[in-house]
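Student: Hi! I have a protein model open and would like to talk it through with you. Can we start with a loop and work outwards?

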Amino acid sequence: MHNISRRAAVVALAAFAGTAALAQGNPIVRIGYQKSSTLIAVLKAQGVLERELAPLGVRVSWHEFTSGLPLLEALNLDNLDFSADVADTVPVFAQAAGAQLTFVAQEAPSPTAQAIVVRADSPVRTLGDLKGKKIGVAKGSGGHYLLLAALDKAGISLKEIEAAYLTPADGRAAFEKGAIDAWVTWDPFLAAAQRQSGVRVLADGTGIASYQRYYLASTKFAQARPDVLRVIYAALDKAGKWVKRNPREAAELLAPVWGLDVATIEQANARRSYEVRPVVTAGLGEQQRIADAFFAEKLLPRRVETLPVPLFHR
């Protein structure tokens, strides 16, 4: 009980501090990101947002997360103002928790940037062979939906496999030591495993899961500082075009940030669209299918209506 109260006090203090900073005219935009947040990683490495937001009197604080689910949990708890891209599945869990989030931007589909992999010598040859197997996946990730959709395609229910919910780092370790039979992951972790661990792709998202990634803000922040979000959106759009036009230079910039070699990063980036575009209601159709799939497997506490969400308009 004491720990819960202390956590609540910390959350309340963080929320108060963020609100107070906003009110005092010396705001800090708190940005959460993860390793797969390529465009934010580029902007962070180049100091772009610090420069672009300085004329607005806004400073940036950076907060790294292992995956998208805890990132949006922090956004929901008002410990962040803006979330770098998360997989299309992640907002569904936040919506189920009643989070007040605004969709700021979307990256166009990148279905081959996530995959179900097995070791090169694995007897698993088809999706049907996954029945009864132990599969590592990050809970609530894009890979989690890919797994559900792939199993459904093969006529297998989630109950007929053993799901091991692991962070990307723990998933890689478990996969390499044989503690799991298959691993569902995304780039750059996927490219790193392909180049370093001798894996075989059992299925990627082609024809199964389109894998769109979303940038979100707390609705409170979106309403208070649309000027800040306009700057961030423009910077992301520019960064996405730069990465696709300059794949080698982008990989060289990201190599020390990600701790991966240039060739691995180039391979990963080639599979991501990095096409930043506005979020429109008509483009959210797959979100409902994702929500329904998770609810059917009792992974969501309630059915979620995904379309009535606040959208940021530039």
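Student: Where is Tyr274 found?

Tutor: Tyr274 is in the loop between helix 12 (262-271) and strand 11 (276-277). Keep in mind that this is a predicted model.

Student: And is Tyr274 buried or exposed?

Tutor: Tyr274 is buried, since its relative accessible area is 3% and buried means under 20%. Its backbone is worth a look too: phi of Tyr274 is near 55°, a positive value in a residue other than glycine.

Student: What about Asp78, what is its phi?

Tutor: Phi of Asp78 is near 70°, again a positive value in a residue that is not glycine. You will find Asp78 in the loop between helix 4 (68-76) and strand 3 (82-87).

Student: Why does Asp78 count as buried?

Tutor: Because its relative accessibility is 12%, and the cut-off for buried is under 20%.

Student: Okay, peptide bonds now. Which one is cis?

Tutor: Look at the bond from Asp187 to Pro188, which is cis with omega near 10°. Pro188 sits in the loop between strand 8 (182-186) and helix 8 (189-196).

Student: Let's go inside. Which residues touch the most other members of the largest nonpolar core?

Tutor: Those are Leu72, Ile116 and Leu147, in a core of 66 residues. Helix 6 (residues 142-153) gives this core its largest share, seven residues.

Student: What does Leu147 touch?

Tutor: Leaving aside residues up to four places away in sequence, Leu147 touches Ile116, Ile135, Val137, Leu158, Ile161 and Val184. Apart from the largest core lies another one, of 43 residues, including Ile40, Ala105, Leu229 and Ala239.

Student: Zooming out, how many helices and strands are there?

Tutor: The protein has 13 helices and eleven strands. Its radius of gyration is 19 Å, close to the 20 Å that the globule rule gives for 314 residues, so the protein is as compact as a globular protein of that length. The C-alpha trace spans about 60 × 45 × 40 Å along its principal axes.

Student: How much of the protein is buried?

Tutor: Buried residues make up 54% of the 314 residues. The accessible surface comes to about 13400 Å², and 55% of that belongs to carbon and sulfur atoms.

Student: Last one: how far apart are the mean positions of the positive and negative charges?

Tutor: They are 2 Å apart, taken over 36 positive and 30 negative charges.

Technical notes: Residues numbered from 1 in each chain as written. Predicted model: local features only at pLDDT ≥ 70, side-chain atom pairs only at ≥ 80, totals over all residues. Heavy atoms only, no water. Helix = DSSP H or I, 4+ residues; strand = E, 2+ residues; numbered from the N terminus. Rg over C-alpha atoms; globule rule 2.2 N^0.38 Å. Buried < 20%, exposed > 50% of the residue type's maximum accessible area, 1.4 Å probe, protein only. Areas by Shrake-Rupley, 256 points an atom, 1.4 Å probe, with all protein chains shown as cover. Lys, Arg positive; Asp, Glu negative; His and termini not counted. Charge placed at Lys NZ, Arg CZ, Asp CG, Glu CD. Core = buried A, V, L, I, M, F, W, Y, C linked by side-chain atoms within 4.5 Å. Contact = heavy atoms within 4.5 Å.
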